[in-house]
Structures are given as structure tokens and as C-alpha cells.
Amino acid sequence: MARTVLVIEDEAHIAEALRFLLSRVGWRVAVHADGTTAMDLIRDIAPSALILDVMLPGRSGYEILEELRADPVLRDLPVLILTARGQERERALAEMKGASLFMTKPFANDELIANLRQLAGDPAAAESAG
């Protein structure tokens, strides 16, 4: 059974590229662009993993991440922060807020796939890492 990843990304071309890339390797992909309504969709979809942009309309990815980590049902959801902000302070902030992984844009497709598989506990992660 395919796992579901929810991509919360407001840049349409990046969201579509992620949808294409991840669906080609067997993921069911849902895409959402609004920080304000993101938590409702996360609860509705119950994804295996979340790819979360930091800069979103209505609410930042960090605010969403804080709410996730405070929610007893969602606190263990694997979250890959994907952002154009690559400074070390951004990485530290993401870790402090509870991100599972942090990647910057632009990203290498193979690295993103391997990281997502690792986050979701996919057995193929060991194959792609080796």
C-alpha cells in the first residue's frame, strides 16, 4: 500500500515538481498551499509524512510545526522542513521546534526521496542509502 505524503508549499512550481517526483516513486501525494488551513488538512489526511515549507501565507511552517508537536495525536508525524532559508540559525530553529529533518531549496531529488523514505520508515530507504 502506498504511503501518503502531504506537501505544504505555496510555490506552485515546487509543489507540482514534488508531486511528480514523489508519485513516480510510489507515494500518494497531496498538496496544500495555505498555512491557515494546514492543520485541518493534516488531521483529515493523516499522512505518513509531511513536507513543510517555512514561508507560507497565513501562518508559518514553524507555527504549524509547534502545533503538531503539541498535539498528542500528531506529535510523532515525521516532518521534513523544506525552505529557501538555508542559514544555520534556520536549521537550529527548525530543530528546536521539532523538525525531523531540514533541507534547503534547491534540493537534490535523490536526497529528498531518500530522506522522506527514511522519515517514514520505508524499507527502500536502506536500499537507496546503500
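User: Which side chains are joined by a polar contact of 3.0 Å?

Analyst: The model is a predicted one. In it, the side chains of arginine 28 and threonine 4 form that polar contact, at 3.0 Å.

User: Which strand holds arginine 28, and what is the bridge partner of threonine 4?

Analyst: Strands of a sheet pair through backbone hydrogen bonds, in either a parallel or an antiparallel arrangement. Here, arginine 28 lies in strand β2, and arginine 28 is also the bridge partner of threonine 4. Valine 5 has valine 29 of β2 as its bridge partner. Strand β1 (residues 4-8) and strand β2 (residues 28-32) pair in the parallel sense, over 5 bridges. Between β1 and β2 the chain passes through helix α1 (residues 12-24), and the resulting β-α-β crossover is right-handed.

User: In what order do the strands form the sheet, and which strands stand at the edges?

Analyst: The open sheet is formed by 5 strands in the order β2-β1-β3-β4-β5, with parallel pairing. The edges are β2 and β5 (101-104); each has a single partner strand, so one side of each is left without a neighbour in the sheet. On average, neighbouring strands are turned by 20° against each other, direction ignored. Helix α2 (residues 38-45) packs on the sheet and touches β1, β2 and β3 (49-52). The direction of α2 makes about 175° with that of β1.

User: Why does arginine 28 count as partly exposed?

Analyst: Partly exposed covers the range between under 20% (buried) and over 50% (exposed). Arginine 28 has 41% relative accessibility and therefore counts as partly exposed.

User: What distance separates the C-alpha atoms of arginine 28 and arginine 75?

Analyst: These C-alpha atoms are separated by 21 Å, and the two residues are 47 residues apart along the chain.

Conventions. Residues numbered from 1 in each chain as written. Predicted model: local features only at pLDDT ≥ 70, side-chain atom pairs only at ≥ 80, totals over all residues. Heavy atoms only, no water. Pairing = 2+ DSSP bridges. Helix = DSSP H or I, 4+ residues; strand = E, 2+ residues; numbered from the N terminus. Right-handed = clockwise from strand over helix to strand, strands pointing away. Buried < 20%, exposed > 50% of the residue type's maximum accessible area, 1.4 Å probe, protein only. Polar contact = N/O pair within 3.5 Å; in protein donor to acceptor, adjacent residues only side chain to side chain. Axes fitted to C-alpha atoms, helices over the stretch in contact; angles between N-to-C directions. Contact = heavy atoms within 4.5 Å.
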